[in-house]
Amino acid sequence: MTKKAPKEPVVPIVDRFEGDWAVIEYGRRRFNFPRELLPPGAKEGDVLRFSVSVDPEATDRRQREIQKLMDLVFEDDS
């Protein structure tokens, strides 16, 4: 009986840079990520850590701004 090698966790890796974009390899997938959002000094082959969160205050502010614009564009005829 052969023993299986432990499965490595999938990590995002900087595959290469194309202009203002970094091509990130994540398992079998690749996606573009703005180069300016990477830490200074990030280079090809670096393993990345992402931390994403929602900004509820900015979300609420943006939604209110959009609603104001919609109110200006779509007048109520009733």
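This section describes the nonpolar core, the aromatic pair, the salt bridges and the surface of a predicted model.

The largest nonpolar core comprises 6 residues, namely V14, A22, I24, F33, L38 and L48. Two of these core members, L38 and L48, illustrate how the set is held together in terms of contacts. When neighbours within four places in sequence are set aside, L38 is in contact with V14, F17, A22, F33 and L48. Under the corresponding exclusion of residues up to four places away, L48 touches P12, V14, I24 and L38. The contact between L38 and L48 thus appears in both lists, as does V14. L48 is located in the loop between β3 and α1. Its relative accessible area is 10%, below the 20% limit, and L48 is therefore classed as buried. With respect to V23, L48 is 25 residues away in sequence, and the two C-alpha atoms are 12 Å apart in space.

F33, a further member of the core, also takes part in the aromatic pairing of the model. The structure contains 1 aromatic pair. The ring centres of F33 and F50 are 5.1 Å apart and the ring planes stand at 75°, so the arrangement is edge-to-face. The pair connects distant parts of the chain, since F33 belongs to strand β3 (residues 29-34) while F50 lies in the loop between β3 and α1, 17 residues apart. The two partners fall into separate accessibility classes: F33 counts as buried because its relative accessibility is 17%, whereas F50, with a relative accessible area of 40%, is partly exposed. The loop between β3 and α1 accordingly contributes L48 to the core and F50 to the aromatic pair.

Charged side chains form a second group of interactions. The count of salt bridges comes to 6. A network of salt bridges links D15, R16, E18, E25 and R30. Within this group, the side chains of E18 and R16 meet at an N to O distance of 2.7 Å. Both residues are partly exposed, E18 with a relative accessible area of 39% and R16 with 32%. R30 forms a salt bridge with E25, where the closest N and O atoms are 3.1 Å apart. Here the accessibility classes diverge, as R30 counts as exposed at 52% relative accessibility, whereas E25 counts as partly exposed at 25%. Another salt bridge joins the side chains of K43 and D46, with an N to O distance of 3.2 Å. D46 has a relative accessible area of 22% and is partly exposed.

The surroundings of R16 extend beyond its salt bridge. R16 lies in strand β1 (residues 12-18). Not counting residues up to four places away in sequence, R16 touches W21, A22, V23, R30 and E44. Among these contacts, A22 is also a member of the largest nonpolar core, and R30 belongs to the salt-bridge network. R16 and N32 are separated by 16 residues in sequence and by 9.8 Å between C-alpha atoms.

Strand β2 (residues 21-26) includes Y26. At 33% relative accessibility, Y26 counts as partly exposed. Leaving aside neighbours within four places in sequence, Y26 is in contact with V10, V11, P12 and F31. For one of these residues, V10, the separation from Y26 is 16 residues in sequence and 6.5 Å in space, C-alpha to C-alpha. P12, another contact of Y26, is also touched by L48.

On the surface, I66, L69, M70, L72, V73 and F74 make a nonpolar patch of about 640 Å². L69, one of the patch residues, is placed in helix α1 (residues 56-73). With a relative accessibility of 54%, over the 50% limit, L69 counts as exposed.

Exposure is also found in the segment before β1, where T2 lies. The relative accessible area of T2 is 75%, and T2 is therefore exposed. T2 and D55 are 53 residues apart along the chain, and their C-alpha atoms are separated by 49 Å.

Conventions. Residues numbered from 1 in each chain as written. Predicted model: local features only at pLDDT ≥ 70, side-chain atom pairs only at ≥ 80, totals over all residues. Heavy atoms only, no water. Patch = residues over 30% accessible without salt bridge, like charges linked within 9 Å, V, L, I, M, F, W, Y side chains within 5 Å. Areas by Shrake-Rupley, 256 points an atom, 1.4 Å probe, with all protein chains shown as cover. Salt bridge = Lys/Arg side-chain N within 4 Å of Asp/Glu carboxyl O. Helix = DSSP H or I, 4+ residues; strand = E, 2+ residues; numbered from the N terminus. Buried < 20%, exposed > 50% of the residue type's maximum accessible area, 1.4 Å probe, protein only. Core = buried A, V, L, I, M, F, W, Y, C linked by side-chain atoms within 4.5 Å. Contact = heavy atoms within 4.5 Å. Phe/Tyr/Trp six-rings, centres within 6.5 Å; stacked < 30°, edge-to-face > 60°.
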